[in-house]
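Let's take a walk through a protein model together. Have a look at the picture first, and then we'll go through it bit by bit.

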Amino acid sequence: MHNSEEFKIPIGPQHPALKEPESFSVALKGEKILGIEIRLGYNHRGIEKAAEERTYIQDIYLIERICGICSHSHSTAFVQAVEEIAGLELPKRALYIRTLIGELERVHSHLLWLGVAGHEIGFDTLLMYTWRDREIVMDILALLTGNRVNYGINTIGGVRRDISKEQAEEVLKAMDTLEERTKYYIELGLSETTLVKRLSGVGVLTYDDALRLDAVGPTARASGVKRDVRKDDPYAAYGEMDFKVITEKNCDVYGRTLVRLKELMEAYQIIRQCIKNLPEGPVTIKAPRKIPAGEALSRYEAPRGEDVHYVKANGTEKPERVKVRAPTLANVQAVKQMLKDRFLADMPIVIAAIDPCFSCTDRLVSLRQVDSKDKKTMNWQTLREYSIDWHRKQGIDFKKLNQKLKTNV
Amino acid sequence: MFKDLFQILIFPGLTFLVIFSLFAEYFDRKLYARLQNRVGPPWFQPFADILKLLAKEELIPCEANPRMFKLAPLFAFTAAITAFLYIPLWQIKTLFSFNGDVLVVLYLLTIPTLSFFIGGWYSTSLFARIGSVRSMTQLFAYEVPLFMGILSSALLANTWNLKEIALFYSAHPWFWLFNLPGFCIALIALLGKLEKVPFDIPEAETEIVAGSFTEYSGKLFAFLKLTLDIEMVVGAALLAAVFFPFGLQMNPFAGFVLFLLKIIFIVFLLSLLRTVMARLRIDQMIDFCWKYLVPLAFVQILLNLAVKGVILK
């Protein structure tokens, strides 16, 4: 790079801007971004395969651990699919509690995002303030479910814990505090000059591009796409809730910030309605251990966007196939478009603005033999042979050791 | 001879300056933390950080130029300390006074930035190089308003000698109030020099890791950190000497305390500014400096010329 103006810098897999390993290779000319290569797949954990090996009940807890932030979204989406196959009619109270926890999760996720966004543009004060406020909702979640992160409240056929009157009052009290604080952040977001300067006009994704690239969640809504599973295809108790789908016409990171902030205000309203209209009755019904054969697709509006789970049952107590499409996978394509002709300084905030959760995203890995003619998918045997070959070329050979071990045995 | 050595190495030179600047760092960090609703570090944290870094192994990238890589922090450190010796401390007399010393201090304060550039450039890391280029780009933006702001005060006093500036303002007690716009300009430009939010673009953590300092570790990094702290104190001291030249005729002890308070007050303003703002982009930073700070500095100079022509005639 001594003589050329153009060079490539690696953002990731290890980089302070990213909270999870993911690779963005950026071609730069001075400060300007010429091109960007995104490579996913550093976090593949084989969760789908593991889910096929476990029973439905075990799977709820496994699926919940797909994401550390929207854990309730994933477990609800999975449980909904299973319930649909089994043909279970859930008690109203269970649906309300699911909605309540789902919205509390949205509150903590959006507050977390706001802090991360502040940190990415060097506004650490915002990070400290929002994360302080996030503790309030985390405490509420711990009070209701017993856990701060992986709530473990869902089960097939309902929820595992009821909500008492005292707990409901605590929730309402916390909502008042949070609403007041959020109003302050909205005011701050509208008036703080450096904040507006850093966010507006950055990472533009037009309405058409948002549709073409299939953006979901706040990313799409900030581009004016009125798309929200809670309204379009109501699940849980959302059909009975009164709330607005927030959209903005800014199409930039600033719009995405506003959408999330205003969604917080809507979330407080939904939580209040949940508590107010909480119907009496049981919180769970008995579900069969073996789920009859069938398949179902379940959609859930996670804080980051639409989360899709597909479950195929074969009549045993283990699912035949589970497929998860996390919202980040839908949004990450848009990042390339957003960073066109932008500056390196915009890169962290633009990536952060889709609220990425890479470990949720990394699902399926399909290996293709690039050097062979038909580029067919590698199976386990060929992959193993390839690996042994590769290591041999690096000078690592276990042939002798293997023979030695064999003679010893 | 012995007295000179004492002044350079012990007081008010190296030892005093290092201790005081570490204290200033503590003050800055604690205040920053309290403003953000955090507890903040204990008083010995900056000392502990430096001691820890001094004990650590230093790694030099194999592609780096080892001589330049090692020399850059030392240059920066020495220049920052030297600059302090010319600033009048708590009385009207300075240790080493000559005509034009205010310019020398300003130029000495430019050397650390240049050293950071050289150190970052020769460490051959991509992040360090981008950081280095950014710090140079930034230098061209804040240096002019900083010089204009500080020299406008000197212009009013009709001298480029810090001692005579102090003398002038002692003779005309309330004249320093005319320079308050200049003080604001210099304070903002100083944020750029110290690479603090909103102008911490050269070491923007989320973009380029630690900018020029990415490859530095151990003792060398300790010197760089110390340099930044000392630069903050020297910058604040220069601003205090030029813009707040009052209370210099008191007895030495009271004057000394007042001088330290002035420095701490400026550090307080710096922390406050970095708490309430987000980091700008480099193009926005340059726009801001040339579009707003420089014209304002011109207005300040015109004002001072008018004061000189009308009131002092």
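What follows starts with one chain and then turns to the place where two chains meet.

Keep in mind that this is a predicted model. Begin with chain A, and try picking out its helices and strands: there are 16 helices and 8 strands. How compact is chain A? Its radius of gyration is 24 Å, and the globule rule gives 22 Å for 409 residues; those values are close, so chain A is as compact as a globular protein of that length. If you'd like to picture a box around its C-alpha atoms, make it roughly 70 × 60 × 40 Å along the principal axes.

Now split chain A into its parts. Domain 1 covers 6–39, domain 2 runs over 47–361, and domain 3 takes in 369–409. Between the C-alpha centres of domain 2 and domain 3 of chain A there are 43 Å.

What about the inside? In chain A, 45% of the 409 residues count as buried. Take the contacts in chain A between residues at least 6 apart in sequence: 68% of these bring together residues at least 24 apart.

Finally, go to where the chains touch. Chain A puts 24 residues into the contact, and chain B puts in 22 residues. On the side of chain B that touches chain A, helix 9 (205–208) and helix 12 (282–310) each supply at least two residues. Helix 9 of chain B gives the most to that side, with 3 residues. Sorted by class, this side of chain B has 11 nonpolar, 5 polar and 6 charged residues.

Note on methods: Residues numbered from 1 in each chain as written. Chains lettered and ligands numbered in written order. Predicted model: local features only at pLDDT ≥ 70, side-chain atom pairs only at ≥ 80, totals over all residues. Contact = placed C-beta atoms within 7 Å. Helix = DSSP H or I, 4+ residues; strand = E, 2+ residues; numbered from the N terminus. Nonpolar A, V, L, I, M, F, W, Y, C, P; charged D, E, K, R; others polar. Domains from an automatic or database assignment. Rg over C-alpha atoms; globule rule 2.2 N^0.38 Å. Buried ≥ 20, exposed ≤ 12 C-beta atoms within 10 Å, placed from the backbone.
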